[in-house]
Amino acid sequence: MPESAKLVLKWWQRLLPRNAFSQTVVLIGSLLLINQLVSYWSVAVYFIKPSYEQINQLIARQINILFVDGVDVGREHLSMVDALNAKVRHDGMTVYNIKQAREAGLDSAAYYGFLSEQMSGYLGGEAEVRFSQGETLNVWIRPPQAPTLWIKVPLTSINESDLSPLTLYLLVIGALSVAGGWLFARKQNKPLKRLQKAAFAVSKGQFPDPLPLSGSTEIVEVTHAFNQMAHSMKQLEQDRALLMAGISHDLRTPLTRIRLASEMMVEDDQYLKDGIVGDIEDMDAIINQFIAYIRNDEDVERELFQVNQLIQEISQQESHRTGVLDIDLGECPAILIHPVAIKRVLSNLVENAFRYGNGWVKISSFQQGVFVGFSVEDDGPGIDEDAAETLFQPFTQGDSARGSVGSGLGLAIIKRIVDRHHGKVKLINRPQGGLIAKVLLPKK
């Protein structure tokens, strides 16, 4: 297929409606339009056309009667015109010579070939028929018996400027049909729209009440299957949260006992005690990550808050660390966020930067189009960018270049929080070496 044809096809596809509601409305509207055109054509051919043919035939009979005497009127004598006018005075017809006809509006009359041929057959010679619109509809006939004369016949009962009953009928029927089609499509589309919103809510971790079973049989079946799926997912999520919370809670009891036992160890076993305490703290941190991951912050009310303020708070908290923490704050407006959750994102990113870097970390804030963003940089070994997206999956740890410490939930927690704020997060290797973690949050 030529490139130009592909472009035209792509442009045409963009014009076509994509959602089911618009497609249904266009389909019904197109069918109704075709129906209206066929109806109009049928009425015109089988009702209007025969009426005009009958009018043409009646006018031809009157003209034949007018010239029944066989008078020679080939010359444009005023007396002849007056004589003919006197003859047709009671029929409403008027006879003009060419000059008078032009003055009366002949030049503005429209020529009708079909009626001219028909009139020629009725009058036995070449005739011409024209129509002009004034206060009334006028028919102009140039008869073969007098080629230099024009006969005007007013049709007082027909006026094209008025809205005919046929046109009014077609307009009303068309409007009612389109309105009915729109209501039908809207009714058919309403359950699908409701299903779409519910599916979007489930994708965000929310589980709405069962949807009402309404609409066509197919839509009712799909809705019923969705309700069952949502119920199963809700039960599964509750069981998973309960399991993880129970495990996290139950693990803390033996850890506490182990820590108390280690406190009673003699000084000669100090090295064992330090190792046990370190392992307990690592396990406690992992348990906290489990709890943070299963925590649902969707229902927490958000507020307008400055990202720069969160960065400054993180900077103060991390001031005790060994290493360098640089801050580069841009001018950023307050945005609608959950401050505690976004602060957790910053804290996790800074923790990872110090853990995998070589002692230098930089936090920056900026504006990027419709987003307010911040980034955390380190000078570590970086990552394989082809596998960057997989690092946001739960229990996925970095490659050997950046170590494999922790539970593998840190980035998963970050991804979940940012997604619930309708933002973006991505990992990019620094050209100078190290990693940049960039977070973008919408201004609105």
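Welcome to this structure, and let's start on a helix: Glu-351 and Arg-355 sit 4 residues apart in helix 10, which means they are separated by about one helical turn. These two residues form a salt bridge, with their closest N and O atoms 3.5 Å apart. Please keep in mind that this is a predicted model. The points below visit the salt bridges, the nonpolar core, a five-stranded sheet, the aromatic pairs and two spots in and after helix 6.

**Salt bridges**

- Across the whole structure, a search finds 9 salt bridges.
- In the pair from helix 10, Glu-351 is partly exposed at a relative accessible area of 28%, and Arg-355 is also partly exposed, at 37%.
- Glu-318 and Arg-321 make another salt bridge, where the closest N and O atoms are 2.2 Å apart.
- Glu-318 counts as buried, with 9% relative accessibility, whereas Arg-321 counts as partly exposed, with 25%.
- These four residues, Glu-318, Arg-321, Glu-351 and Arg-355, are linked in a network of salt bridges.
- Arg-142 and Glu-128 form a salt bridge too, with 3.5 Å between the closest N and O atoms.
- Arg-142 belongs to strand 4 and Glu-128 to strand 3, so this pair ties together parts of the chain that are 14 residues apart in sequence.
- Both partners are buried: Arg-142 has 18% relative accessibility and Glu-128 has 13%.

**The largest nonpolar core**

- As background, nonpolar side chains tend to be buried together in soluble globular proteins.
- The largest nonpolar core here holds 37 residues, and those touching the most other members are Val-345, Leu-346, Leu-349, Phe-374, Val-376, Leu-427 and Val-439.
- Elements that each supply at least two residues of this core include helix 9 (307–317), helix 11 (410–420), strand 9 (360–368) and strand 10 (371–378).
- Helix 10 gives the most, contributing 8 residues to the core.

**The five-stranded sheet**

- An open sheet of 5 strands runs in the order 1-5-4-3-2, and its pairing is antiparallel.
- Strand 1 and strand 2 are the edge strands, each pairing on one side only.
- Strand 3 and strand 4 pair in the antiparallel sense over 6 bridges.
- Val-129 stands opposite Ile-141 of strand 4.

**Aromatic pairs**

- The count comes to 2 aromatic pairs.
- Tyr-96 and Trp-140 have ring centres 5.6 Å apart and planes at 35°, so this pair is tilted.
- The pair links distant parts of the chain, 44 residues apart, with Tyr-96 in strand 1 (residues 94–97) and Trp-140 in strand 4 (residues 137–142).
- Tyr-96 and Trp-140 are both buried.
- Tyr-112 and Phe-131 make an edge-to-face pair, at 4.8 Å centre to centre and 65° between the planes.
- Tyr-112 lies in the loop between strand 2 (110–111) and helix 5 (113–123) and Phe-131 in strand 3 (residues 128–133), so the pair ties together parts that are 19 residues apart in sequence.
- Tyr-112 is partly exposed at 35% relative accessible area, while Phe-131 counts as buried at 9%.

**In and after helix 6**

- Leu-168, Val-172 and Leu-176 make a nonpolar surface patch of about 270 Å².
- Val-172 is in helix 6 and is partly exposed, with a relative accessible area of 40%.
- Gln-206 lies in the loop between helix 6 (165–203) and helix 7 (217–263), and it counts as partly exposed at 30% relative accessibility.
- Gln-206 and Lys-234 are 28 residues apart along the chain, with their C-alpha atoms separated by 8.4 Å.

Methods:
Residues numbered from 1 in each chain as written. Predicted model: local features only at pLDDT ≥ 70, side-chain atom pairs only at ≥ 80, totals over all residues. Heavy atoms only, no water. Phe/Tyr/Trp six-rings, centres within 6.5 Å; stacked < 30°, edge-to-face > 60°. Buried < 20%, exposed > 50% of the residue type's maximum accessible area, 1.4 Å probe, protein only. Patch = residues over 30% accessible without salt bridge, like charges linked within 9 Å, V, L, I, M, F, W, Y side chains within 5 Å. Areas by Shrake-Rupley, 256 points an atom, 1.4 Å probe, with all protein chains shown as cover. Salt bridge = Lys/Arg side-chain N within 4 Å of Asp/Glu carboxyl O. Pairing = 2+ DSSP bridges. Core = buried A, V, L, I, M, F, W, Y, C linked by side-chain atoms within 4.5 Å.
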